[in-house]
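Here are some exercises to work through at your own pace. Try each task by yourself before you read its solution.

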Amino acid sequence: MSLEEARRRSAEGPPVGLVTLVGAGPGDPGLLTRAGAEALGRADAVVYDQLVQSRLLDLARPGADRIFAGKSRGKCPVPQGEINALLVRLAREGKAVVRLKGGDPYVFGRGAEEAEYLHDAGVPFRIVPGVTAGVGATSYAGIPVTHREATSAVAFVTGHNEPGDPADRLDWPALARFPGTLVFYMGFRHLGSICSTLVGLGKPPGTPAALVCSGSTASQRTVSGRLADLPDRVENEGDRLGAPALLVVGDVVARRDRLRWFERLPLFGRVVLLIRPIGESDRSAADLERLGAEVLVAPTVQILPVGDAGPMDSAIARLDSFDWLVFTSGNGVSAFLDRIEALGRDLRALGHLKLAAIGPGTAEVLGRSRLRADLIPASFRSEGLAEALRPLVAGRRVLLARADRGRDLLREELGEVAEVEQVAAYRNADAEALPKTVVDRLERGEVDWITLTSSAIASRLHGLLPDRARQLVSSGSIRLASISPVTSEAARSLGWPVAAEASEHTWPGLVRALLDEASATKDAEGS
Ligand code: SAH
C-alpha cells in the first residue's frame with residue numbers, strides 16, 4: 001500500500017502510524033545515517049534488536065517507548081511472529097514506529113519479512129538502509145572488501161547453517177571457486193567446518209582469512225591467518241572472542257597491517273561511561289569517540305525550565321539597572337538568552353552589561369550567540385570567579401543567572417562588596433535511575449572508565465549505581481576520571497579511588513587525562 005493510500009484509508013478509520021525500518025550500523029553509533037537519526041527523533045515507539053548500541057536509543061524523545069525485541073543472554077529470541085504483530089499493533093495505535101535493526105535491515109536481518117508483513121497488514125512503511133557489518137566492521141578491522149590490485153568482487157554469505165546440514169542451501173563448490181572476497185555472517189559457530197569445506201573443494205589453504213568480532217566497538221577483536229590455520233588461531237584465543245563475528249576470506253585480508261586505523265586510535269578498546277545532565281550537547285561523547293573509545297551516556301541530572309519564571313522575567317525587565325551579568329554554566333546562558341527572546345527582546349538588552357563566565361565551556365555557549373565574556377577566571381570554579389570578580393564589581397550591581405540549586409558561595413562573597421541579585425534560570429532535577437542498558441554493561445564489568453565532572457555528579461552517581469557496580473568502582477576495576485581536585489575529593493569521601501584527574505579543570509582537560517593514562521598503559525605494556 002502506498003503512503004497516499006494509507007492516508008486515504010486512515011481518513012476513513014483511525015490514523016495508522018508509519019513504521020520505519022532503520023539500519024543502525026554495525027556498532028559505532030556514529031555510523032547511523034542522518035535519515036535514521038531523524039526517524040528516531042520523531043518516533044513514538046522504538047523496537048530494537050540486541051545488536052543495537054544503547055546510545056542510539058538516546059536519539060528518541062525521552063517519552064518514547066523503547067521496546068527490546070532481541071535475544072537476551074541465555075534466553076530465546078522474541079519470535080519473529082510476535083515482532084511482526086507488535087509492529088502492526090503499534091502502528092494501528094497511530095504511533096510513529098521505528099524498527100531499529102543492526103547493520104542494514106535487508107542484509108540477513110529479516111527486514112524484508114517484516115516489511116512484507118506490514119504491507120500485507122496495510123501498514124505503511126519505509127526503509128532507511130544502514131551500514132552492513134560486512135562493510136562497516138571489516139573497514140574498522142582494516143580489511144577493504146574490494147581492492148583494485150586484489151579483488152573485484154565480494155560475496156556476502158550466511159554461515160548460519162553448517163555446510164552439509166539439510167537446512168544449508170548454499171552452493172559450496174561455487175563459493176570455493178568465487179573469484180573475490182567471501183564475507184560470512186553468523187559464521188562463528190561453524191568456522192572450522194566452513195574453512196575446511198572451502199579447502200576441501202579446492203580453495204587454496206594459504207588464502208588469507210580473518211575473524212572480525214564486535215567490529216567498530218570497544219570490544220573489536222580481529223584474528224587473522226590463513227584458511228588452513230584460522231580455526232586453530234581462533235581456538236587459541238579462547239573466551240576473548242565471541243559473536244557477533246564475521247569470517248572474511250580473500251587476499252584483501254593481507255592488507256590489514258597497513259589499514260587497521262581504528263585499532264590504532266589512542267582510546268581504542270576503552271568503554272567510557274559519561275555522566276552528565278540530560279540535554280547537554282553530544283559533543284563530549286563525540287570527543288571521546290573520535291579518539292576510539294566507546295561511549296555510554298547516563299544522565300544523572302535533568303535540565304528543566306524553572307517552575308516560576310517570574311523572578312527571571314523581573315530581572316530581565318530591569319537589566320538596565322545592573323552592571324555585571326554572571327553565568328556559572330552553559331545551561332544558565334542558554335536558558336537566560338532563550339528567556340530574553342521569549343519575552344520579545346533581543347541581545348541588545350545586554351548591550352551595556354559586562355559578562356562573566358565561570359570557564360571556557362560557559363564562554364563558548366556565550367560565543368555561540370556572538371557574545372564575548374569580559375571575564376573568565378584563571379581557575380574555573382566559584383572560588384576563582386569570586387576572587388577575580390571582587391575587585392571589578394565593588395560598589396556595582398551584579399546579576400547571577402544560575403541553576404535553582406548549587407553552591408551559594410558567589411552570592412555570599414560578592415555580596416560583601418557589591419549589590420547582588422541571584423535568579424534561577426533553569427532547574428536541576430535528579431534522574432531517578434540509570435538507563436537499563438548502562439546498568440547491564442556496568443554489572444557485566446564491561447565499563448573501563450566513568451567520568452566525573454562535578455562533586456554533585458559524584459554523589460548522584462553513588463546513589464544511582466547498583467551494588468555490584470558500586471563495588472567494582474570501590475575496588476578500582478571501573479576507574480574514575482575526575483575533572484578537578486574538588487570533584488576527586490567528593491569521590492574519595494564516598495570511599496572511591498580516583499585513577500585520573502584533569503590538570504586543567506575542563507572537559508578537554510579531562511579528555512587529556514584519559515589520553516595520558518592510555519599512553520602510560522601502552523608504554524607499560526610495550527616495555
Ligand atoms: N543486518 C545485519 C546482520 C544481521 S545477522 C547487518 O547488516 O550487518 C548478524 C550477524 O552480523 C552476526 O552473526 C555477525 O556475523 C554480523 N555482525 C553484526 N554486527 C557485527 C559486528 N559489529 N562485528 C562483526 N560482525 C557483525
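What percentage of the 527 residues in the protein is buried?

Solution. Start with the ground rules: this is a predicted model, where local features need pLDDT of at least 70 and side-chain atom pairs count only at pLDDT 80 or more, while totals for chains, interfaces and linings use all residues. Residues are numbered from 1 along each chain as its sequence is written, and side-chain values use heavy atoms, with hydrogens and water left out. Next, the term: buried means under 20% relative accessible area, exposed means over 50%, and partly exposed is in between (1.4 Å probe, protein chains only). With that in hand, buried residues come to 48% of the 527.

**Exercise 1: the overall picture**

Task: describe the protein by its secondary structure, span, contacts, surface and charge.

Solution.
- Step 1. Look for helices (DSSP runs of H or I, at least four residues) and strands (runs of E, at least two), numbered from the N terminus. The protein has 21 helices and 19 strands.
- Step 2. Check the span: along its principal axes, the C-alpha trace stretches about 90 × 75 × 45 Å.
- Step 3. Take the contacts (heavy atoms within 4.5 Å). Among those with a separation of 6 or more, 67% join residues 24 or more positions apart.
- Step 4. Turn to the surface, worked out by the Shrake-Rupley method with a 1.4 Å probe. About 24800 Å² is exposed, and carbon and sulfur atoms supply 50% of that.
- Step 5. For charge, Lys and Arg count as positive and Asp and Glu as negative, leaving out His and the chain ends. Each charge is placed at NZ of Lys, CZ of Arg, CG of Asp or CD of Glu. There are 63 positive and 66 negative side chains, and the centres of the two sets lie 2 Å apart.

**Exercise 2: two cysteines**

Task: how many disulfides does the structure hold?

Solution.
- Step 1. A disulfide is a pair of cysteine sulfur atoms within 2.5 Å. The structure holds zero of them.
- Step 2. Take C195: its nearest cysteine sulfur belongs to C213 and is 13 Å away, and C195 is in no disulfide.
- Step 3. Now add burial. C195 counts as buried because its relative accessibility is 1%, and C213 is buried too, at 2%.

**Exercise 3: the two sides of helix 9**

Task: which residues of helix 9 are buried, and which are exposed on the other side?

Solution.
- Step 1. Helix 9 covers residues 230-237, and its buried residues are L230, P231 and V234.
- Step 2. These cover an arc of only 100° around the axis, so they sit on the same side of helix 9. The arc is that of the directions from the helix axis to the C-beta atoms. As a general rule, an α-helix has 3.6 residues a turn, so residues three or four places apart point the same way.
- Step 3. Over on the other side, D232, E235 and N236 are exposed.
- Step 4. The cover over the buried residues includes helix 8 (191-200), strand 8 (208-213), strand 9 (221-226) and strand 10 (245-249).
- Step 5. After helix 9 comes G238, with a positive phi near 60°.

**Exercise 4: helix 19**

Task: repeat the job for helix 19, then place R468.

Solution.
- Step 1. In helix 19, the buried residues are A469, L472 and V473. They line one face of the helix because they fall within an arc of 100° when seen down the axis.
- Step 2. D467 and Q471 are exposed on the other side.
- Step 3. Helix 17 (436-443), strand 17 (449-452) and strand 18 are among the elements covering the buried residues.
- Step 4. R468 also belongs to helix 19, which runs over residues 467-474, and R468 is partly exposed at 41%.
- Step 5. Just after helix 19, G476 has a positive phi of about 85°.

**Exercise 5: two serines**

Task: is S484 buried or exposed, and what about S493?

Solution.
- Step 1. S484 lies in the loop between strand 18 (479-482) and helix 20 (485-493). With a relative accessible area of 8%, S484 is buried.
- Step 2. Leaving out residues up to four places away in sequence, S484 touches E501 and H505.
- Step 3. S493 is in helix 20, and at 60% relative accessible area S493 is exposed.
- Step 4. S493 and A458 are 35 residues apart in sequence, and their C-alpha atoms are 10.0 Å apart in space.
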